[in-house]
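The following paragraphs lead the reader through a protein and its bound partner. Please examine the sequence and the structure before reading on.

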Amino acid sequence: MSFNFAVLLRLFFQYWFIFHQCPDGRIFCSSMKRTKIAELLRTEPTNTEVLVKGWVKAFRNNQFIALNDGSCAANIQVVVDAERVDAALTDRIKFGAAIGVRGKLIESQGKGQKVEVVAEELTIFGDCNPEEYPLQPKRQTLEYLREVAHLRFRTNTFGAVFRVRHALAFAIHKFFNDRGFYYMHTPVITASDAEGAGEMFHVTTLPLENIPRTEDGEVDFSKDFFERPANLTVSGQLEAELGALALSDVYTFGPTFRAENSNTTRHLAEFWMIEPEIAFADLHDDMDLAEDMLQYVINYVLEHCADDLQLLENRLLEEEKSKPQHERSPMPLVERLRFVVENKFERLTYTEAIEILKNSKPNKKGKFQFPIEGWGADLQSEHERYLVEKHFQKPVILTNYPAAIKAFYMRLDDPGENVPGPTVSAMDILFPGIGEIVGGSQREERYDVLLQKMREMNIPEEELYWYLDTRKFGSCPHAGFGLGFERLVQFVTGMGNIRDVIAFPRYPGNAEF
RNA sequence: GCCUCAUUAGCUCAGUUGGUUAGAGCGGCGGACUGUUAAUCCGUAGGUCCAAGGUUCAAGUCCUUGAUGAGGCGCCA
């Protein structure tokens, strides 16, 4: 009895699937499993029946559809037999339309592709009116596409950028996981205003049109949601340190917010940052980790995103054709990435860098906007660019900066010979075109030294009692760094503007989508 | 926040010293086309020259202010 019921039920569902009608009224074989185009292009053409779904990239000669589903950069060619398909249907095969095709996967009869799908059944899921559609089958500028960021995923360039972005994110998790790191989620909302990494966005539920005040006219934060001032995080580092001092090796990978009025090609108000923190480690362990990680993830993308990188390399070459020779990249994209993976980064101290810059041609000829006068000043981006792009022509790690220009938590160095002033165990990794991609340091683990430093730099010690506690109880040498994820994506994709490597960029005056 | 440059058709751009009716390519639309590859061929429509003031007989073009965008600098990742 129960057996018969099961058979009936199965028959019913089989029937229902086979004759289930699509929105346009055509009967569609929806019980068949859809195959992604990336997989189809790897398949040997065995005359098997397949179901493919995607968006129309081109419809040539009333016969050939270039179809893309985002699974890879390449399109698959669908061949339509006009005699077998209703003209009312082929009229709706427009650039951008979402369609499904059931047919046989065969060896391509034409040149230019290995396989193609001969359409036996065709369904329009979503029409796309070319008179209104903001995208066109032609080159459009990145600035224009930024205005239609909700649709730009559909272009070849942005498809490649976001596939590479995913691969990089995945590779980062894999790298750390394989090395025994724990992924730690640090708070996005923070009550401490003491991290000193720039202007913060306030988080409040107080009514802006009628802010409660104390008797002295100050904002009465006791009436606010957290009963104290709160902000969006500018860094998860301090909290990551707390985790590292028990779990040994941790990393964060989350959104970060800076309310700086920065208008450049490498700053965002909302960006993603990776911050590893390692216990029982010094600055050299920190540098080794950062260099290994960068080389690992770039290599991962070279291995897994070859087609997308080639597409991005061609895009860059095309873009640079209109630029004067000296503004063009010295190497094509893929070659540049291989170079970074295969060569050790150049490591030198701030003091050594100052000597090189002081004796450099542009400094002697007065070409620097900010001439190098001596030890102690922060390096400007023109100086960093000279070191990376002219002098060494490879990624550079600068270490042991003057204590006065770096954050309070960085470990104070022992006085060195031929070093004019106190330095800290800090390191910055500089990349061509991008500038600073990593900033890190060995952390000050000595309670007394840290406390004195906080007092000198006016860091409120009461607010950071929890940070100081780690130095009071079982403190140990430890280190870490912050990697700007979008800057990494910029470097790997060759995109010039950081606003083009994040789906919906936030920057001064812009929070669209 | 500071400096420089830009804004002309759906998109990318040209437009001379201020001078009659502002042009091109691509895209769109209509047509042709069963082995195309940014398909091709024929035809066709499409403009508040960013906005507001000003100079001038006359402004897309010159001046002022503003808006938006881009690049550089600062802050940083």
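Helices and strands are DSSP runs, a helix having at least four residues and a strand at least two, and they are numbered from the N terminus. The model discussed here is predicted.

The surface near RNA strand B is a suitable place to begin. The largest share of this surface, 4 residues, is supplied by β15. Altogether, 50 residues surround RNA strand B, and the closest are Lys111, Lys138, Arg146, His267 and Arg487. Of the atoms of RNA strand B that come within 4 Å of the protein, 48% belong to sugar and phosphate. By character, the residues of this surface divide into 24 polar, 16 charged and 10 nonpolar.

Individual polar pairs involve several parts of the RNA. At a phosphate, an oxygen of RNA strand B lies 2.8 Å from a polar side-chain atom of arginine 60. At a base, a nitrogen of RNA strand B is 3.1 Å from a polar backbone atom of glycine 110. The backbone of valine 438 also takes part, with a polar atom 3.4 Å from a sugar or linking oxygen of RNA strand B. The elements that give two or more residues to the surface near RNA strand B are β1 (49-60), α4 (142-147), β11 (270-279), β15 (435-442) and β16 (478-484).

Attention now turns to the interior of the protein. The largest nonpolar core has 91 residues, and those with the most contacts inside it are Ile76, Ile298, Ile429, Phe431, Leu488 and Val492. Helix α5 (residues 156-178) gives this core its largest share, 12 residues. Leaving aside residues up to four places away in sequence, phenylalanine 431 touches Leu294, Ile298, Val340, Phe345, Val388, Pro395, Ile437 and Phe491. A second, separate core of 30 residues has Phe392, Phe408, Met410 and Met454 among its members.

Helix α5 also allows a check of its length. It has 23 residues, so at 1.5 Å a residue it should span 33 Å; its end C-alpha atoms are 33 Å apart, which agrees. Just after α5, glycine 180 takes a positive phi of about 80 degrees.

A final residue to consider is threonine 252, which lies in strand β10 (residues 249-257). Is threonine 252 buried or exposed? Its relative accessible area is 3%, and a residue counts as buried under 20%, so threonine 252 is buried. Its contacts, not counting residues up to four places away in sequence, are Tyr183, Met184, Thr186, Ala240, Met273, Ile274 and Glu275.

Definitions and conventions:
Residues are numbered from 1 along each chain as its sequence is written. Chains are lettered from A and ligands numbered from 1 in the order in which they are written. This is a predicted model: local features need pLDDT of at least 70, side-chain atom pairs count only at pLDDT 80 or more; totals for chains, interfaces and linings use all residues. Side-chain values use heavy atoms; hydrogens and water are left out. A residue is near a molecule or strand if one of its heavy atoms lies within 4 Å of it. A polar contact is a pair of N or O atoms within 3.5 Å; within protein, one must be able to donate a hydrogen and the other to accept it, and residues adjacent in sequence count only if both atoms are side-chain atoms. Ala, Val, Leu, Ile, Met, Phe, Trp, Tyr, Cys and Pro count as nonpolar, Asp, Glu, Lys and Arg as charged, and the others, Gly among them, as polar. A nonpolar core is a set of buried Ala, Val, Leu, Ile, Met, Phe, Trp, Tyr and Cys residues joined through side-chain atoms within 4.5 Å. Buried means under 20% relative accessible area, exposed over 50%, partly exposed in between (1.4 Å probe, protein chains only). Contact means heavy atoms within 4.5 Å. The expected span of a helix is 1.5 Å times one less than its number of residues.
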